[in-house]
Amino acid sequence: MTESAGQFAGASERSTKHNPRLDEELEHEIQGMLKGEKATRAQEWREVEPVAEGDPDITADPSGTLVGGTPVGMTEDAVVARAELARWLTRQPFPGNREDLVEAAMDHRAPDAVVAELQRLPEGQTFERIGDVARALGYPTETGPGAGASDV
């Protein structure tokens, strides 16, 4: 075995977890899935069982309402919007301004709708937490209506 430019030649360039034969077997096993875009298992019992006819579809929110209810002063839409924003923003960009939050969301590959919503934030303002972001976007929170909310 020789060393060239910091790299070892020969077998050491392959996987160090498996032997070459097992590497080839694993590679061959996934080729059908990659090319056929469907499951390729020969044993039917290994396939994921589809939902039976007449059974309800499995959803994240089967009852159609949020688990635990909606906090006082908020609407269900506001809870969902705040959860979607929080899903794409970690604690890392807080406290931060609009540019920091938009960049963090884009780094996490947030959907365009979330990025567009964050771009609506006012310039020059620092946001300490997701609740501040929701209020600035006009969503009501537990502590009161958002800045863009109107009395109807």
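**Pro111**

I began with Pro111 and its exposure: at a relative accessible area of 34%, Pro111 is partly exposed. I am working on a predicted model. Pro111 sits in the loop between H3 and H4. I asked which residues Pro111 contacts beyond its neighbours within four places in sequence. I found Glu84 and Trp88. I then checked the backbone for one of these pairs. The C-alpha atoms of Pro111 and Trp88 are separated by 8.7 Å, with their positions 23 residues apart along the chain.

**Arg109**

I stayed in the loop between H3 and H4, where Arg109 is also found. Its phi caught my eye. Phi of Arg109 is near 60 degrees, a positive value in a residue other than glycine. Most residues other than glycine have a negative phi. I looked up the accessibility next. Arg109 reaches 72%, so I count Arg109 as exposed, the cut-off being over 50%.

**Whole chain**

I stepped back for the overall layout. I count five helices and two strands in the chain. From the N terminus, the order is β-β-α-α-α-α-α. The chain has 152 residues, and 22% of them are buried. I also looked at contact range. Among contacts with a separation of 6 or more, 37% join residues 24 or more positions apart.

**Helix H2**

I went to H2, residues 76–88. I tested its length against the ideal rise. Its 13 residues should span 18 Å at 1.5 Å a residue, and the end C-alpha atoms lie 19 Å apart, so the two agree. Which residues of H2 are buried? I noted Ala78, Val79, Ala81, Leu85 and Trp88. An α-helix has 3.6 residues a turn, so residues three or four places apart point the same way. I then looked for what covers the buried residues of H2. The cover includes H3 (98–107), H4 and H5 (130–136).

**H2 against H4**

I took the pair H2 and H4 (residues 112–119). Their axes come within 10 Å and cross at roughly 100 degrees. That crossing makes H2 roughly perpendicular to H4. On the H2 side, the contact uses Glu84, Leu85 and Trp88. On the H4 side, I see Val114, Glu117 and Leu118. I sorted the contact residues of H2 with H4 by class: four are nonpolar, two are charged and none is polar. Glu84 and Trp88 had already come up as contacts of Pro111.

**H3 against H4**

How are H3 and H4 oriented to each other? I read an angle of about 175 degrees, with the axes 9 Å apart. H3 and H4 are therefore roughly antiparallel, as the angle is over 145 degrees. H3 brings Arg98, Leu101, Val102, Ala105 and Met106 to the contact. H4 answers with Val115, Leu118 and Gln119. By class, I get six nonpolar residues, one polar and one charged in the contact of H3 with H4. Leu118 appears here and in the contact of H2 with H4.

**The core**

I looked up the largest nonpolar core, which has 17 residues. I listed those with the most contacts inside it: Leu85, Leu89, Phe94, Leu101, Leu118, Leu121 and Val133. H2, H3, H4 and H5 each give two or more residues to this core. H3 gives the most, with four. In soluble globular proteins, nonpolar side chains tend to be buried together.

I followed Leu121 outward. Leaving out residues up to four places away in sequence, Leu121 touches Arg98, Leu101, Phe127, Val133, Ala136 and Leu137. Of these, Leu101 and Val133 are also among the core residues with the most contacts.

**Pro95**

I checked the loop between H2 and H3, where Pro95 lies. A cis peptide bond joins Phe94 and Pro95, with omega about -15 degrees. Most peptide bonds are trans. Phe94 was already on my list of core residues with the most contacts.

**Gln125**

My last stop was Gln125, in the loop between H4 and H5. Its relative accessibility is 34%, so Gln125 counts as partly exposed. What does Gln125 touch, not counting residues up to four places away in sequence? I found Gly96, Asn97 and Arg98. The C-alpha atoms of Gln125 and Asn97 are separated by 5.8 Å, although these residues are 28 apart along the chain. Arg98 came up before, in the contact of H3 with H4 and as a neighbour of Leu121.

Notes: Residues numbered from 1 in each chain as written. Predicted model: local features only at pLDDT ≥ 70, side-chain atom pairs only at ≥ 80, totals over all residues. Heavy atoms only, no water. Axes fitted to C-alpha atoms, helices over the stretch in contact; angles between N-to-C directions. Parallel < 35°, antiparallel > 145°, perpendicular 65-115°, else oblique. Contact = heavy atoms within 4.5 Å. Nonpolar A, V, L, I, M, F, W, Y, C, P; charged D, E, K, R; others polar. Expected span 1.5 Å × (residues − 1). Buried < 20%, exposed > 50% of the residue type's maximum accessible area, 1.4 Å probe, protein only. Core = buried A, V, L, I, M, F, W, Y, C linked by side-chain atoms within 4.5 Å.
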